[in-house]
Amino acid sequence: MAQRIPEETIEQIRSQTDIVDVIGEYMQLTKRGRNYFGLCPFHGEQTPSFSVSIDKQIFHCFGCGAGGNAITFLMDIDNISFQDAVARLGERVGIEVDIAEHEHQHVHKTEVSPEQQRMIEAHQFCLRYFQHLLLNTEDGEEGLQYLENRGFTREMIEAYGIGFALPSWDALTTLLTRKGYDLVEMSQAGLVIPKEDGSGYFDRFRRRVMFPIRNETGTVIGFSGRVIESDGDQAKYMNSPESPIFHKGRVLYNLDQARPIIRKERKVVLFEGFMDVLSAKTANVHNGVASMGTALTLDHVQKLKRLSNDIIVCYDGDNAGWEAAKRAADLLYAEKLSVEIAVLPNGLDPDDYIKQYGTETFREKIIGEPLDFTSFMMSYSKRGKNFQYATDVEQYVEEALHYVALDSSAVKRELHLKQLQQETGITQETLTTQLRHKEAQRRTEPERRTVHVEQKAMPMRKLMAIDRAERLILARMLNDIDIVDRLQLDGVEPPFVRDEYVAIYIHLLSFYAHHDKADFQRFAEMLTDSELRKLVMEAALVERDLDHLEEEWDDCLRQVEKYKIQQQVAQKKQQLKEAEKMHDFNRALSLSKEVIELTKSLASM
């Protein structure tokens with residue numbers, strides 16, 4: 001059990017916390033009027049529907065219904081307990097919260113299955129084990145020597161959680177067994193591999209330097225192992241496979257550490273691999289992230305889009321790097337982000353470039369002077385073409401003008417046309433005419449956008465009369481403890497139809513048993529189910545007729561009662577049909593009378 005935090009401490013932390021500052025560390029917020037808006041972090045969307053109120057210190061998404069305050073935002077976004085969220089906010093405002101040490105880092109049981117939790121705990125255990133081997137054993141000396149030769153200090157190794165896996169085929173397997181972990185689950189988590197003959201398991205990672213992969217909340221969900229000496233048969237890097245806790249298409253390496261830096265600098269540097277991120281840190285580039293052994297996905301883009309509109313793509317300078325950078329830039333541009341590309345020369349990767357030219361040159365000349373989207377696409381189009389051949393010149397101009405036409409800046413368009421004229425010898429007049437033709441084509445074409453079904457905004461469900469009635473009833477209960485007491489004294493059943501509202505009602509009775517006044521924010525904080533919390537916040541924010549509260553209350557109760565009777569009528573009509581099919585005429589007659597009586601009662605309401 002978590003140690004109970006005093007109510008006055010919770011209120012003090014909440015009152016001293018600015019929700020805009022808290023949420024702003026996770027996503028971009030733009031001020032419109034009195035509120036701030038951004039892309040909802042809880043569902044994919046293209047148009048901002050996530051609103052943050054400074055006055056009320058709450059947030060609400062009009063797309064998916066998510067809502068709450070700074071405490072519940074941290075609970076949902078980082079999947080942590082109420083106690084941990086309060087402690088984290090307390091640290092921000094200088095208020096110490098004393099909670100049990102073992103309660104930290106616990107996740108919601110409603111969000112993570114017991115199986116996934118065991119996998120997460122196993123990965124954390126493996127991180128400590130691998131790092132111990134690297135730093136404290138003779139077996140780890142070759143891994144430590146490799147890292148030191150690449151410029152890693154002990155402080156960096158400890159900060160990044162780097163370790164070493166033994167050459168043995170079953171060292172980790174044996175240890176996990178001894179610790180009580182189920183090897184079937186550990187196989188699903190990607191830590192061990194079943195033998196082909198079914199006789200047992202062996203270690204996935206052997207004689208590799210181990211780099212932990214964390215999700216955006218800092219939880220270890222996988223590893224990437226780097227060989228020390230490649231014999232040609234082994235892959236240089238081996239990543240954890242897809243698992244219940246690790247999905248490569250959703251993970252951006254270093255996002256957990258880079259997020260506050262991104263917020264401060266308002267820019268993200270996107271690298272090709274995690275080693276590029278670590279190398280860039282030596283050059284004081286701390287806002288870098290990388291995908292994990294997969295091409296950039298829309299899930300990745302949505303995570304980046306919530307943090308910044310400005311992305312610098314810095315991929316390797318070889319042909320594969322150029323191709324990957326082109327695909328990434330196209331995807332980012334299609335999602336209306338401002339894209340620049342930091343081009344590395346001579347086929348170098350960031351680590352090679354830093355070793356050859358130094359950290360300051362990398363930071364100032366590569367990251368500090370990227371190409372804009374159009375310039376990079378023109379450079380990409382020019383690669384491999386011989387301008388002594390008319391077909392190559394024609395193809396280059398065609399491809400380059402396609403991207404010049406996309407540029408909204410008239411100044412940049414003119415500069416790009418001058419560049420094309422100098423490169424190809426084609427007159428400015430001809431290029432301008434061709435550009436206008438491209439622009440006319442573009443205006444008649446559908447908007448260039450990549451759409452993924454999972455990223456579409458969630459459809460709004462049309463509210464029926466019963467939905468509005470239940471919401472208004474709950475709204476009244478959240479703001480008036482006396483109305484709940486009145487229902488209990490009258491012995492009235494829960495005035496709700498849907499199970500979710502009945503569950504909220506039961507929780508609310510428990511809340512009022514320990515609190516002598518209404519406080520919907522405090523009540524929402526105590527709900528561990530985020531879906532119930534959504535309903536609470538929707539009800540708390542609903543507009544009510546304050547001049548006619550009693551009339552509104554009676555009308556809503558009547559609506560709920562009417563709906564219950566309608567459901568009974570439908571149920572009994574179905575039973576009546578079944579009785580007639582079974583030739584049970586006595587039961588059919590009885591049911592028919594009940595339907596008539598219920599229908600009469602509906603007419604009188």
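Let's begin with a term: a residue is buried under 20% relative accessible area, exposed over 50%, and partly exposed in between (1.4 Å probe, protein chains only). This is a predicted model, where local features need pLDDT of at least 70 and side-chain atom pairs count only at pLDDT 80 or more, while totals for chains, interfaces and linings use all residues. Residues are numbered from 1 along each chain as its sequence is written, and side-chain values use heavy atoms, leaving out hydrogens and water.

**Exercise 1.** Find which parts of the chain the salt bridge between E340 and K267 ties together.

*Solution.*
- Step 1: recall that a salt bridge puts a side-chain nitrogen of Lys or Arg within 4 Å of a carboxyl oxygen of Asp or Glu. Here, the N to O distance is 3.8 Å.
- Step 2: place the residues. Helices (H or I, at least four residues) and strands (E, at least two) are DSSP runs, numbered from the N terminus. E340 sits in strand β16 (residues 338-341) and K267 in the loop between α10 (255-265) and β13 (268-271), so the pair ties together parts 73 residues apart in sequence.
- Step 3: check accessibility. E340 is partly exposed at 24%, and K267 is partly exposed at 28%.

**Exercise 2.** Work out how far apart E414 and K418 are in their helix.

*Solution.*
- Step 1: their side chains form a salt bridge at 4.0 Å, N to O.
- Step 2: both belong to helix α18 (residues 410-424), where being 4 residues apart separates them by about one helical turn.
- Step 3: E414 is partly exposed at 45%, and K418 likewise is partly exposed, at 39%.
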